[in-house]
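User: I'm new to this one and would rather get to know a single part properly than skim everything. Could you pick a strand in the middle of things, walk me around it, and then show me how it sits in the wider picture?

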Amino acid sequence: MTIVNRILTASRKVLRLPSRSLATTQAMFIKPGAFVKIAQSTSSLRNVTMLTERKPFSPDFFFRQLFDEKSWTYTYLLADINSKEAILIDPVLQQAKRDAQLMQELGLKLTYALNTHMHADHITGTGYLKQLLPGTVSAISEASGAKADKHLKDNEVVQFGRFEVRALCTPGHTNGCMTFVVEEQGIAFTGDTLLIRGCGRTDFQEGNSRSLYKSVHEKIFTLPDNFRLFPAHDYKGNMETTVAEEKLYNPRLTKDIDAFVEIMENLNLPYPTMIDQAVPANRECGLYDIPKE
């Protein structure tokens, strides 16, 4: 009898199992096809757990996700509602006036304009925001090679009001990539290191696939599973993800490191259209090509 025939014969039998072995049903008997239902039930329970353990924002924490439609870039506004101190993460030059106006409308004071890395697909708005909102401090990783008022080291903390952003060095997409974590709120801003069901490319700007893999697995995937993750970009309409989701469903980073490197080496992506303009500009903290009034 072939292996296939044995399996088919066994599946036609009714299996009797102790009730304590089944967490998802109270039935004493399992009929053909029931194993599939049990697997589906277990998967559903896992997904429900992932979705219900979300950490709520504290009442005095303000969060706003903004978008630049040309570069598909997300900019994030975080603020202390009581002190009115705020930070922006990954502002875009063409949206600097929008961001400054929003600050004024909400009565917020922009203390820091942070960049997760030296971008190649848009020019940062930090330089222009420093002119529009005097007193703004620009900040980026010290490994980025970009000019800024403040260069951040691994695990360095940026304060706004009573809240803290912890900067984690997560190189791989570029040498100077950082992930910004607000632990009290259960959120992290991953830049281009980790995207929703993807990751940043590693074929330019000192990119290194092995470094990116280690950054994600050692710095991001070690955060609590229910932490919400916000990337610098998304091209499919997604806005956020979680550590648990990406550990389960990221098609690249769920592979072993060698398989991941092979995937990244064979993406065959086109040359970035903005890189020759954006990178030189972003080395100067966005002071290049500021719009005329």
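Analyst: Here is a walk around one strand and the loop after it, followed by a tour of other parts of the chain.

First, some ground rules. This is a predicted model, in which local features need pLDDT of at least 70 and side-chain atom pairs count only at pLDDT 80 or more, while totals for chains, interfaces and linings use all residues. Residues are numbered from 1 along each chain as its sequence is written, and side-chain values use heavy atoms, with hydrogens and water left out.

The chain has eight helices and 16 strands; these are DSSP runs numbered from the N terminus, with helices being H or I runs of at least four residues and strands being E runs of at least two. Of its 293 residues, 46% count as buried. "Buried" is under 20% relative accessible area, "exposed" is over 50%, and "partly exposed" is in between, using a 1.4 Å probe and protein chains only.

Our strand is strand 6, residues 109–114. Five of its six residues are buried, so strand 6 is largely enclosed by the rest of the structure. What does strand 6 pair with? On one hand there is strand 5 (residues 85–89), which runs parallel to strand 6 and is joined to it by five bridges. Strand 7 (residues 137–141) also runs parallel to strand 6, with three bridges between them. Two strands count as paired if DSSP finds at least two bridges between them. In general, such pairing goes through backbone hydrogen bonds, either parallel or antiparallel.

You can find the register by eye. Glutamate 85 stands opposite lysine 109 in strand 6. To get from strand 5 to strand 6 the chain passes through helix 3 (residues 96–106), and this β-α-β crossover is right-handed. Right-handed here means that, with the strands pointing away from the viewer, the path from the first strand over the helix to the second runs clockwise. Further along, tyrosine 112 faces valine 137 in strand 7. Strand 6, helix 4 and strand 7 form a right-handed β-α-β unit as well.

Now step off the end of the strand. Asparagine 115 sits in the loop between strand 6 and helix 4 (126–132). Is asparagine 115 buried or exposed? With 5% relative accessibility, asparagine 115 counts as buried. Its side chain makes a polar contact of 3.0 Å with the side chain of threonine 124. A polar contact is a pair of N or O atoms within 3.5 Å; within protein, one must be able to donate a hydrogen and the other to accept it, and residues adjacent in sequence count only if both atoms are side-chain atoms. Setting aside neighbours within four places in sequence, asparagine 115 is in contact with Asp90, Pro91, Thr124, Thr126, Ala139, Ile140 and Phe180, where contact means heavy atoms within 4.5 Å.

That sort of reach across the sequence shows up in the whole chain too. Among contacts with a separation of 6 or more, 60% are between residues 24 or more positions apart.

Elsewhere, there is an open sheet of six strands in the order 9-10-11-12-15-16, with mixed pairing. Strand 9 (156–160) and strand 16 (241–242) stand at the edges with a single partner strand each, so one side of each has no neighbour in the sheet. Strand 15 (residues 228–231) pairs with strand 16 in the antiparallel sense over two bridges, and arginine 228 stands opposite threonine 242 there.

Arginine 228 has another partner: a salt bridge to glutamate 240, with the closest N and O atoms 2.8 Å apart. A salt bridge is a side-chain nitrogen of Lys or Arg within 4 Å of a carboxyl oxygen of Asp or Glu. Arginine 228 is buried at 7%, whereas glutamate 240 is partly exposed at 29%.

In total, the structure holds 15 salt bridges. One of them joins the side chains of glutamate 284 and lysine 147 (3.0 Å, N to O). Glutamate 284 lies in the segment after helix 8 (275–283) and lysine 147 in the loop between strand 7 and strand 8 (150–152), so this pair ties together parts that are 137 residues apart in sequence. Lysine 147 is partly exposed at 49% relative accessibility. Asp60, Arg162 and Glu184 are linked in a network of salt bridges.
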